[in-house]
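Ready for a few warm-up exercises? Take a look at the structure below, then work through the tasks one by one.

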Protein chains: 2
Amino acid sequence: MGKKLVTREEDYSKWYNELVVKADLAENSAVRGCMIIKPYGYAIWEKMQAQLDKMFKDTGHVNAYFPLFVPKSLFEAEEKNAEGFAKECAIVTHYRLQNDPDNKGKLRVDPNAKLEEELIIRPTSEAIIWNTYKNWIQSYRDLPILINQWANVVRWEMRTRLFLRTAEFLWQEGHTAHETKNEAIEETKMINDLYAEFAENFMSMPVIKGIKSKNETFAGAETTYCIEALMQDGKALQAGTSHFLGQNFAKAFDVKFADRQGKLQYVWATSWGVSSRLMGALIMTHSDDHGLVLPPKLAPFQVVIVPIYKNEDELNEISSVAETLKSELIKNNISVKFDTRDTIRPGQKFAQHEIQGVPVRIAIGPKDLQNKTVEIARRDNLTKDYIKHDLATDHVIHLLDEIQSNLLQRALKYRNENITRVDTFDEFKKVLENKGGFISAHWDGSSETENKIKELTKATIRCIPETDDNESGNCVFSGNPSGQRVLFAKAY
Amino acid sequence: MGKKLVTREEDYSKWYNELVVKADLAENSAVRGCMIIKPYGYAIWEKMQAQLDKMFKDTGHVNAYFPLFVPKSLFEAEEKNAEGFAKECAIVTHYRLQNDPDNKGKLRVDPNAKLEEELIIRPTSEAIIWNTYKNWIQSYRDLPILINQWANVVRWEMRTRLFLRTAEFLWQEGHTAHETKNEAIEETKMINDLYAEFAENFMSMPVIKGIKSKNETFAGAETTYCIEALMQDGKALQAGTSHFLGQNFAKAFDVKFADRQGKLQYVWATSWGVSSRLMGALIMTHSDDHGLVLPPKLAPFQVVIVPIYKNEDELNEISSVAETLKSELIKNNISVKFDTRDTIRPGQKFAQHEIQGVPVRIAIGPKDLQNKTVEIARRDNLTKDYIKHDLATDHVIHLLDEIQSNLLQRALKYRNENITRVDTFDEFKKVLENKGGFISAHWDGSSETENKIKELTKATIRCIPETDDNESGNCVFSGNPSGQRVLFAKAY
């Protein structure tokens, strides 16, 4: 298989699909819409998980596990939530196969093994969890409950793309229960801030924090907070959401607690999640026509060392230098792979590490031995340096920090250049068509206007951004008064 | 809810069920046979996962993720495997709900959203994985593949028990592909040894390594290696299995590779797994009539410090001692909880930490302040000591090691006392009825004999143990010649 990708310019969508497969991140499976996350892709996801998990625990959350299945009667209890997901549910109706009498060696569903009540495979777990919390909560002393779960969920999407939209995906979902409305809102915001911090400090991906319009609010929530990122093709990507659920689920599942005055009250709720979709966001934020570009903090290997040699003796000399450097780097908590495979040539190794986005590549050849240098190449900007052996460790430590921050700065520059303020609907359409990106425009706050703009342009309100600047104006579409600009974009 | 358990003597099965719930480990859910793993139980599972994951990676394995669903046509490809699981499969037949025209506010399965091909929820992933490996393997250079996955699986069991047998459970499943038969067998054995090491060094649970008889071999495997543990009620528990799959799956999915001579060969396979069932094994190996007993290496908190005070001033003084001790312990990588809750009394805290099996409890009261001591209580043998402040850290470090090893020694002693050699079938039945445990007996190697013994006694062959002692003899049932004793037991 050739490793060369189609360029972003030629076909952005194809570039993405090719990159995911050629960088060995994921591939489509035999099951419609379900992906296989390959070891290299999964290693990046594990790094994300580990960091997020730490951040959740540092803010007082604990993990638990709830069932994959939701009985239909529980699923439909919170009507808006049920309505929001009903059209994309995988449904288990039977629990046994039997030999097919008409086809030797084949099996068929046993018609006698029909479930009394169908089971929905969780598209999200509010229903099963709030039905459980009901038994855990009697008094304010039982609150707050701050639980997260790492799980797979299924949403039967019609058009799927690796990582970005798959029928089954991996995610974490937090489900918290609180005594007061205010505490629940604070939790919702705190988690949205946590997501933003993760995106910027670990993924090097700038995000805009805000809330969703009613149209885009999670089914069953009062308010959805979100972080929105901008991809290199000018389309927005929702990277994480944190929902203030009010008392909707408490009411649907009758979850009440005795408050400090002994009065029965409904519990206040939040839920929040990020998913393996973040892998898609990570890829599209940084990668280039040569392949994946990874921020060092999420790279399975931060450094790869490639020996360039003609014979065993050279290899031995190079290995001695490489192993010394490797162990020094490891002492500094840097993950290093010394790529000694003898089945492929150095050029092929270079190509592989490039397409797989290893942040720093070190090459050591005979000339380097003579000069007591190593060649250090950066994946982010494709530059190279020759560094003396005794300076190499410090150089790499510094370089990894620089790459991490350079990626964020580069993405931030691009993102900021692609937020365009417009004041007329003509401008709106022109910018959307010619430039893309976020369009910052006044909006009259009505779903009607939002729907019409969507119909006409395919752009939606990505978020009503957090801002201190309450510039008022007139809706770009209806001319009605508006208290704040919002961000429109076409979105993944 | 009263925290007092029924005793093991009174009703072992009830004791287990009560303990799991009262120690806040897990509970039954609204979904038949599916459990909710509560935060305290999940924290123990996370410790197990982290350690196993490290051991898998240290032996060259990487993680990946394959789909939850297996299309029926793939599921049935390896006939023995399919036959083995067909009767306990959850089956997805539809992908959409719709409003129920006869019941306002209710949903029903949309009859127009029937899948063309039913999807089986994975009871194990050989089928979907080998269908994938087919595309990954062309040459010996693509081998070995050493992949593990952490996942949920579903087996529609009729009789379920928390952790021990649930319709959905959590597990890891390794699936490896090899060039030679020998390499695959070595992998299978290496993993079985790894499981035994984990059981003994981390769970403090002694296990017997061996292979399964044909009757008990995994559906689709050539040979199943296993580790078998003995619970306190004299029943055996299969704690982990590692399967040499031969070329069965390679043949079913047509997975061939060009060997070093350029000749096409079928690939050799292994698969292996341990599951959340280990939680049940852990509980039943160590716990007592007071509740859970945890080996320090798997305890969410290894040490809990409880202050005993009458007023704010006392609490402040105690807190200062406690915080100093806590930070010293944390420096030594010991996890500590300082339980300052003011909503419950010290006695209630003691009861909770006891039933939850915290290995070491430290209490500090006014007298301790005077004497510059702390009271240190061991959960494993319920003894207490008063230790001077300046010796407390070293004492606890040492104590945790001692508890870890004491638990193993205690369980080993019990296990060894409960392996009984018998030479007649009358003795066999008597021991099984009156004493239980493993029965070491000669067996003629036939499934027929094994089946008859099972019919008559409910005991099965737990394993043909690894042994250098090839004592020959005569089958305890048929009198036919036997080359080795095997272990029978009633089992979970």
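**Exercise 1.** Which residue of chain A comes closest to the rotation axis?

*Solution.* Val92(A) does, with its C-alpha at 2.1 Å from the axis. Before going on, note that this is a predicted model, where local features need pLDDT of at least 70, side-chain atom pairs count only at pLDDT 80 or more, and totals for chains, interfaces and linings use all residues. Residues are numbered from 1 along each chain as its sequence is written, while chains are lettered from A and ligands numbered from 1 in the order in which they are written.

Next, lay chain A on chain B: a turn of 180° and a shift of 0.0 Å along the axis give an RMSD of 0.0 Å (least squares on C-alpha atoms of residues with pLDDT of at least 70 in both copies). The two copies are therefore related as by a two-fold rotation axis.

**Exercise 2.** How do the β5 strands of chains A and B run, and how many bridges join them?

*Solution.* They run antiparallel, and three bridges join residues 91-94 of chain A to residues 91-94 of chain B. (Strands are DSSP runs of E, at least two residues, numbered from the N terminus; a pair needs at least two DSSP bridges.) Here Ile91(A) stands opposite His94(B).

Now step outwards: the open, antiparallel sheet has six strands, ordered β4(A)-β8(A)-β5(A)-β5(B)-β8(B)-β4(B). Its edges are β4 (69-71) of chain A and β4 (69-71) of chain B.

**Exercise 3.** How many residues of each chain are in contact with the other?

*Solution.* 53 residues of chain A contact 53 of chain B (C-beta atoms, placed from the backbone, within 7 Å). The copies meet through the same surface, because 100% of the interface residues of chain A are also interface residues in chain B.

Methods. Helices (H or I, at least four residues) and strands (E, at least two) are DSSP runs, numbered from the N terminus. Two residues are in contact if their C-beta atoms, placed from the backbone, lie within 7 Å.
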